[in-house]
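Here is a short set of exercises to work through with the structure open beside you. Try each task before reading its solution.

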Amino acid sequence: MQNINKRIRKDKIMSNIKDKLYRELELKIITGVEGINFDHRIFDHLDIGVKYQEEVHCLFELDHESHVGIQHPAGFYSPSGFAFPLKWDRRSQYSLIKENGVIYLAHKGQVIFPIQLPERPNYYGLKTSDGVRMNTLALYSGDQTLLVPYSNECAFKESGRDCKFCNINATSRTYGEVEGIGWKYPHQIGEAVAAAYREDGARHVTLTGGFVAERREVEYYLDVADSIRQYTGLDDFNGTACVGAPHDLSIIDKYKEAGYRTIATNIEIWDRNIFRAICPGKDIESGGWDHWVKTLEYEAEVFGRGKVRSNIVAGLEPKDSSLEGIEYLASKGVICFATSWNPNPGSALEGHRSPEPEWHFDLFKKIAAIYRRHGFTYDEIYDCYATPTTVIHDIYRIEDETLPIFREEAEAVEAV
Ligand code: SF4
């Protein structure tokens, strides 16, 4: 009887914790869509870029306006350990405020909770043998993962066919020179990844960047894989090759042979007509929508079920269309994520608005349910995505009860 009571009490406590976590997660989505207002001076004396991890603009500016020369932290953690993006927006009703040396997330001036800044990884303070700062080579994206943006430009700029939501070329123009970011060489990447694996326990790396001609892309990816293996000493370094759809699909086999465990090709939009309008470069210069879908199917044949990832920019097409694509791709063994569309400064869609946060939250819950139905595990979604801090990852952590708070509460119940 005592055991039954204990179990009922534990179930009740766990259910309350989940409710609390989902409320916190909702705030992550709201502040991700609406941004957060703050006065840069609240970070004065906080050693951003020394003690705490700084934002580095290797790919996309996600703040709602540029801030050249003013350093922001890379993000922050909520009390339950969710990684929040920090997108500066002076119009937002959410803000960061500082009281007695503690920084809080607030809504219309009312404190919600204290935040924690991410500590700077050790390898961020190191340089390669040829003197390049490693924080410009491999971004630490949380939970032992790295994002290596080998280039900070996209070749579609030559023809003016950049994806309409993308600001990679604008970000490069705004920050590239100021922050010392440029093309990266394989040996530099190998050294930086090895340092992050050694110094900070990193265990996954995604190689990505703007669109480049396919022959140049594949040769480069193979050289980088060789270099990472050489410097880390690992045959399987748990890498994701994020690539464009090659005209010749047999190229996909080469990435697998080179040692990448997973592969990613971002479809961006499921509706083929909207794809055509939003992604003109992928449509005209890279085979078009049918070819991108065929590529993902072929990747699943080569790499295996649960080892291929795609992504949809959520909010540029009707929700049903995105879900239809995610369901279809899941049936082929492809894990297709969705990320809330952020009308990036410098993109063709700057000044537009993303759907309401509730729209996004509902979409993420439905995606997580699709993954569950198709049997995708947390390890699979961890291995194939560049940043394991998306809302979908968080939903898995809540439902699998793997956040530290579950263990702490379970121990407290057992102790009574
Ligand atoms: S292919 Fe599209 S999303 Fe990718 S970097 Fe180029 S413009 Fe941006």
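The exercises below move from the whole chain to its sheets, then to one loop residue and the ligand; keep in mind that this is a predicted model.

**Exercise 1. The chain as a whole**

Count the helices and strands in the chain, then decide how its compactness relates to that of a globular protein of its length.

*Solution.* Begin with the secondary structure: the chain holds 13 helices and 12 strands. Next, take the radius of gyration, which is 21 Å, and set it beside the 22 Å that the globule rule gives for 416 residues; the two values are close, so the chain is as compact as a globular protein of that length. For the outer dimensions, a box of roughly 65 × 50 × 45 Å along the principal axes is filled by the C-alpha atoms. Then turn to the interior, where 44% of the 416 residues count as buried. Finally, look at contacts between residues at least 6 apart in sequence: 74% of them join residues at least 24 apart.

**Exercise 2. The sheet of 3 strands**

Work out the strand order of the open sheet of 3 strands, and find which strands are at its edges.

*Solution.* The order is β3-β4-β5, and the pairing is antiparallel. The edges are β3 (94–99) and β5 (110–114), each of which pairs on one side only. From one strand to the next, the twist averages 40 degrees. Now zoom in on one pair: β3 and β4 (residues 102–107) run antiparallel and are joined by 6 bridges. In this pair, tyrosine 94 is found opposite histidine 107 of β4.

**Exercise 3. The sheet of 7 strands**

Trace the open sheet of 7 strands, then describe its edges, two of its pairings and the helix that lies across β11 and β12.

*Solution.* Follow the order β6-β7-β8-β9-β10-β11-β12, in which the pairing is mixed. At the edges, β6 (139–140) and β12 (334–340) each have a single partner strand, so one side of each is left without a neighbour in the sheet.

Both senses of pairing can be found here. β6 and β7 pair in the antiparallel sense over 2 bridges, with tyrosine 140 opposite leucine 146 of β7. By contrast, β8 (residues 204–208) and β9 run parallel, joined by 3 bridges, and leucine 207 stands opposite alanine 241 of β9.

Next, inspect the side chains of β9 (residues 239–242). In a regular strand, side chains alternate between the two faces of the sheet. In β9, Gly239 and Ala241 point one way, Thr240 and Cys242 point the other way, and all are buried.

To finish, locate helix α9 (residues 319–331), which lies across β11 (308–314) and β12 and runs at about 155 degrees to β12.

**Exercise 4. A loop residue**

Is asparagine 167 buried or exposed, and which residues does it touch?

*Solution.* First place the residue: asparagine 167 lies in the loop between β7 (145–149) and α2 (168–175). Then count neighbours: buried requires 20 or more other C-beta atoms within 10 Å. Asparagine 167 has 25 inside 10 Å, so it counts as buried. Leaving out residues up to four places away in sequence, asparagine 167 touches Phe60, Glu61, Asn344, Pro345, Gly346 and Ser347.

**Exercise 5. The ligand shell**

List the residues around the ligand and sort them by class.

*Solution.* The shell consists of Cys154, Phe156, Asp162, Cys163, Cys166, Ile168, Gly210, Phe211 and Gly281. Sorted by class, 6 are nonpolar, 2 are polar and 1 is charged.

Note on methods:
Residues are numbered from 1 along each chain as its sequence is written. This is a predicted model: local features need pLDDT of at least 70, side-chain atom pairs count only at pLDDT 80 or more; totals for chains, interfaces and linings use all residues. A residue is near a molecule or strand if its C-beta atom, placed from the backbone, lies within 6 Å of it. Ala, Val, Leu, Ile, Met, Phe, Trp, Tyr, Cys and Pro count as nonpolar, Asp, Glu, Lys and Arg as charged, and the others, Gly among them, as polar. Helices (H or I, at least four residues) and strands (E, at least two) are DSSP runs, numbered from the N terminus. The radius of gyration is taken over C-alpha atoms; the globule rule is 2.2 Å times the number of residues to the power 0.38. A residue is buried if 20 or more other C-beta atoms lie within 10 Å of its own, exposed if 12 or fewer, and partly exposed in between; C-beta atoms are placed from the backbone. Two strands pair if DSSP finds at least two bridges between them. Axes are lines fitted to C-alpha atoms, for helices over the stretch in contact, and angles run from 0 to 180 degrees between N-to-C directions.
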